[in-house]
Amino acid sequence: MPRLDEYDAKRDFAKTPEPRGRRRSARRAEPVEGVRRFVVQEHHARSLHWDLRLEHDGALASWAVPKGIPVDPGENHLAVRTEDHPMEYLEFHGEIPRGQYGAGTMTVWDRGDYETYEWEPGKVVVRLAGERVRGRYALFRTNGRNWMIHRMDPPEDPDRVDPPADFRPMRAATAKRRPSGPAWAFEMAWRGRRVSALVQGGRVRVRDAGGDDLTAALPELRGLGAQLGSTEALLDGVVVVIGVDGRPDDAALGRRLAATDGRAAARLAKQLPAVLMIFDLVWLDGRSLEQLPYEERRRALEGLGLGGPAWQTPPVERGDGARAVDAARRLGFEGVVAKRLDAPYEPGKTARTWLELDLTGSGRAPARKKGAR
């Protein structure tokens, strides 16, 4: 089949489990007039993206969509036209081996039928009816293989809200005494740079408390986007560099965040690896969590199962905080933070529902660097 020659030429079928382009399997009966099948595959290749494939004239017209299928008509996403794929790819999932074209993990993210409104060389308009994606979409060419995909219908979820455009973190007030009782949870007071990490379409954008963009300085956090995949989240935390003594190293962190050149940042990431300590979840999949109590936000955060080479969700202790304080002193930390379990998230405010406790004996809370909590 000539349309699949490019597909075949890019693959060694002795090494990849992908179906051959020229091998035709039995096809289902011709679909209802105007209705065809589609699949969206989540592709963890060199960079995470989603592949949209539409059944058309006996093959699958395919686009690679780096940020995923848009859910809001207010944003267009790049869609790169790739080679047509064989019909068997509607069901394909698995591991494409290293060294092969498109190497990485391929999973079926959504599938269903679609209705065609327009199909021209530079423009395609369809209505997708899948399990996760539903609605009218337009694909239109902008330059060569570069297209854009646009949602034409209103958001399917009318209650969806965008993440805050100018997010400012909530801060802890200082306190001399540890609160007691079952209404509190305790965690380490990490010395580092307070940041928020916005993850959308598998991409991570990191900003400090003053709004400065630190994304380029922290390339090791890209993997956080790959772990979350299509899940969208605004995470609150602290970036640290752990020194040889096992404690956060302020000087090393300063070197890391000063390097914004791509090569320099990548080199320092190997020499002085940074870690994002995530302790709150402010926005998730189009829902603001700010008014939820801390206990519910924490449960949602833990449900994401975030853990990787450069990010983690440190544990909290619910109760009187004695073990958290003992652990902090043993590890040489300067303080702990107590948080009321029923406290909402108050962006930009210093609230006494979060209390930072000094453990140095100085009678004051640990000194705060720029952007610290």
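This is a short talk on two pockets and two strand hairpins in one protein chain.

Keep in mind that the model is predicted. I will start with the empty space. Rolling a probe the size of a water molecule over the atoms shows where empty space is left.

The largest pocket has a volume of about 910 Å³. Its lining is made up of 29 residues. Nearest the centre of that pocket are Ile-69, Val-71, Arg-160, Ser-230 and Glu-232. Four elements give two or more residues to the lining: β4, residues 76-85; β8, residues 134-143; β12, residues 193-200; and β13, residues 203-208. Of the elements, β13 gives the most, with three residues. Sorted by class, the lining of the largest pocket holds 12 charged, 10 nonpolar and seven polar residues.

Now the second largest pocket. About 460 Å³ of space lies in it. Here 22 residues form the lining, and His-43, Ala-45, His-49, Tyr-101 and Gly-102 lie nearest the centre. The elements giving two or more residues to this lining are β2, residues 48-56, and β4. Which element gives the most to the lining of the second largest pocket? That is β4, with four residues. By class, this lining divides into nine nonpolar, seven charged and six polar residues.

Next, the strands. β13 pairs with β12 in the antiparallel sense, over six bridges. One pair to find on your screen is Val-199 and its bridge partner in β13, Val-204. The two strands form a hairpin with two residues between them. In the turn, Gly-201 has a positive phi of about 55°. β13 also has two faces: Val-204, Val-206 and Asp-208 are on the covered one, while Arg-203, Arg-205 and Arg-207 are on the uncovered one.

The other hairpin is formed by β8 and β9, again with two residues between the strands. In its turn, Gly-144 has a positive phi of about 60°. β8 and β9 are antiparallel and pair over six bridges, and Phe-140 has Met-148 in β9 as its bridge partner.

On its other pairing, β9 runs antiparallel to β4, and five bridges join them. There His-77 stands opposite Ile-149 of β9.

Which side chains of β9 are buried? The side chains alternate along the strand, residues 146-151. Trp-147, Ile-149 and Arg-151 point to one face and are buried. Asn-146, Met-148 and His-150 point to the other face and are not buried.

To close, β4 is a strand to look at again: β4 helps line the largest pocket, lines the second largest one too, and pairs with β9.

How values were computed. Residues are numbered from 1 along each chain as its sequence is written. This is a predicted model: local features need pLDDT of at least 70, side-chain atom pairs count only at pLDDT 80 or more; totals for chains, interfaces and linings use all residues. Side-chain values use heavy atoms; hydrogens and water are left out. On a 1 Å grid over the protein atoms alone, a cavity is a set of points where a 1.4 Å probe fits but cannot get out, and a pocket is an open set with protein on both sides within 12 Å along at least five of seven lines; lining residues have an atom within 4 Å of a point. Grid points are joined across faces, edges and corners, and a volume is the space filled by probe spheres set on the points. Ala, Val, Leu, Ile, Met, Phe, Trp, Tyr, Cys and Pro count as nonpolar, Asp, Glu, Lys and Arg as charged, and the others, Gly among them, as polar. Buried means under 20% relative accessible area, exposed over 50%, partly exposed in between (1.4 Å probe, protein chains only). Two strands pair if DSSP finds at least two bridges between them.
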